Amino acid sequence: MEIFKWLNDQLLRMDWLSALVRLLVEDVFGLDMASRLGGSLHFFIYDVIKIFILLSVLIFAISWVQSYFPPERTRRILGGMRGFKANLTGALLGTVTPFCSCSSIPLFIGFTSSGLPLAVTFSFLISSPLVDLASMILLASIFNWSIALAYVAVGIVLAVLGGTLIGRARMEEYVEAFVTQHRVLDLPQEQLSLRDRLSYAREQVAEIIRKVWLYILIGVGIGAAIHNWIPEDLITALIGRDNWWSVPLAALVGVPMYADIFGTLPIAEALVAKGVGLGTVLAFMMAVTALSLPSLIMLRKVVKPRLLALFFTIVVAGIMLIGYLFNTFAHLLI
């Protein structure tokens, strides 16, 4: 256990990096870590470097795995499944696709147009931006493994249940016609060489970093401000763990925003440190990543308002329920 804790602290939490940044702030910049400016600068530099290191390594590894599962092969695997097994597989597939909510929609269109059931495609659509292996590792680096694994578990449950409910509503007629009429060619899987897979993984790292770097900087900046500049009493008065309205408020505030989980994690870290309930923070993170306004606008081009409203209602209700559950049982995870 001691070895595991040491590995976790050095490889995920990167305590060595925190110590180096402390030396930079105190010895080079001449700032007191106990001051607001010194503390904010340490938070910003440390979190930015840590997130980019972890993100690059994890996306490379995940992309390597993905190179063995192109869309055509994935579609063939899912096409032979039905019921709970198909929904669970669709949700699990989302955990190995490190996409934001907007990036998941083209794959959703491809799966739907190929004839996969709505239950499966919506399970994928919910899971893909919400839960992935990279977010689990980053959550563990900020909080702990119990919280990270619990977050992944409830995210997958929400994806499976959400997809199941949408499937049972039998709303295929509310998918736009161009999606169902689009023909998908059944192309043979390309045989990739080792060099091809390495190149693909590097390209994925570069592409995703290019998409998320600004949101990470903004998220870490907001987190640093919350952590060191906004009074704890003010935050707890608005969204403290004792306020019943904190979870729905956090979820509704998160919907208009557009970011991915990598940009929201530093904010979550700062809010928890200020006394905000873990469930409230996770509800905010889930709303931002799964129900961002741009992704809802894009999804409206694919499905009709009635199906979009059902999707939104199911996911919001699920996020709020998860928030209340984490607030109630957080003491078992921390």
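**Reading helix packing in a predicted model**

Tutor: In this predicted model, helix α5 (residues 83-95) packs against helix α7 (residues 118-130) with their axes 7 Å apart and at an angle of about 30°.

Student: How should I describe the orientation of α5 relative to α7?

Tutor: Angles under 35 degrees count as roughly parallel, and that makes α5 roughly parallel to α7. The crossing of this pair, α5 and α7, is right-handed.

Student: Which residues of α5 and α7 make the contact?

Tutor: A general idea helps here: an α-helix has 3.6 residues a turn, so residues three or four places apart point the same way. In this case α5 contributes Ala-86, Asn-87, Gly-90, Ala-91, Leu-93, Gly-94 and Thr-95, while α7 contributes Ala-119, Val-120, Ser-123, Phe-124, Ser-127 and Ser-128. Sorted by class, the contact of α5 with α7 has 6 nonpolar, 7 polar and no charged residues.

Student: At what angle do the axes of α13 and α17 cross?

Tutor: Helix α13 (residues 246-254) and helix α17 (residues 305-329) have axes that come within 9 Å and cross at roughly 135°. Angles over 145 degrees would count as roughly antiparallel, and α13 and α17 are therefore oblique to each other. The crossing of α13 and α17 is right-handed. Their contact is made by Ser-246, Val-247, Pro-248 and Ala-251 of α13, together with Ile-319, Met-320, Gly-323, Tyr-324 and Asn-327 of α17. By class, the contact of α13 with α17 has 6 nonpolar, 3 polar and no charged residues.

Student: Turning to a single residue, is Ser-141 buried or exposed?

Tutor: The cut-off to keep in mind is that buried means under 20% relative accessible area. Ser-141 has a relative accessible area of 1%, and is therefore buried. Its place is in helix α8 (residues 133-142), and, not counting residues up to four places away in sequence, Ser-141 touches Leu-12, Arg-13, Lys-50 and Leu-54.

Student: How many of the residues of α8 are buried?

Tutor: Helix α8 is mostly covered, with 9 of its 10 residues buried, and among them are Ala-134, Met-136, Leu-139 and Ser-141.

Student: What does the protein chain look like as a whole, in helices and strands?

Tutor: The protein chain has 17 helices and 0 strands, and buried residues make up 52% of its 334 residues. Among contacts between residues at least 6 apart in sequence, 82% join residues at least 24 apart. The accessible surface of the protein chain comes to about 15,900 Å², and 68% of that surface belongs to carbon and sulfur atoms.

How values were computed
Residues are numbered from 1 along each chain as its sequence is written. This is a predicted model: local features need pLDDT of at least 70, side-chain atom pairs count only at pLDDT 80 or more; totals for chains, interfaces and linings use all residues. Side-chain values use heavy atoms; hydrogens and water are left out. Axes are lines fitted to C-alpha atoms, for helices over the stretch in contact, and angles run from 0 to 180 degrees between N-to-C directions. Helices (H or I, at least four residues) and strands (E, at least two) are DSSP runs, numbered from the N terminus. Angles under 35 degrees count as roughly parallel, over 145 as roughly antiparallel, 65 to 115 as roughly perpendicular and the rest as oblique. A crossing is left-handed if the near helix is turned anticlockwise from the far one by less than a right angle, and right-handed if clockwise. Contact means heavy atoms within 4.5 Å. Ala, Val, Leu, Ile, Met, Phe, Trp, Tyr, Cys and Pro count as nonpolar, Asp, Glu, Lys and Arg as charged, and the others, Gly among them, as polar. Buried means under 20% relative accessible area, exposed over 50%, partly exposed in between (1.4 Å probe, protein chains only). Accessible areas come from the Shrake-Rupley method with a 1.4 Å probe; for residues, only the protein chains shown count as cover.
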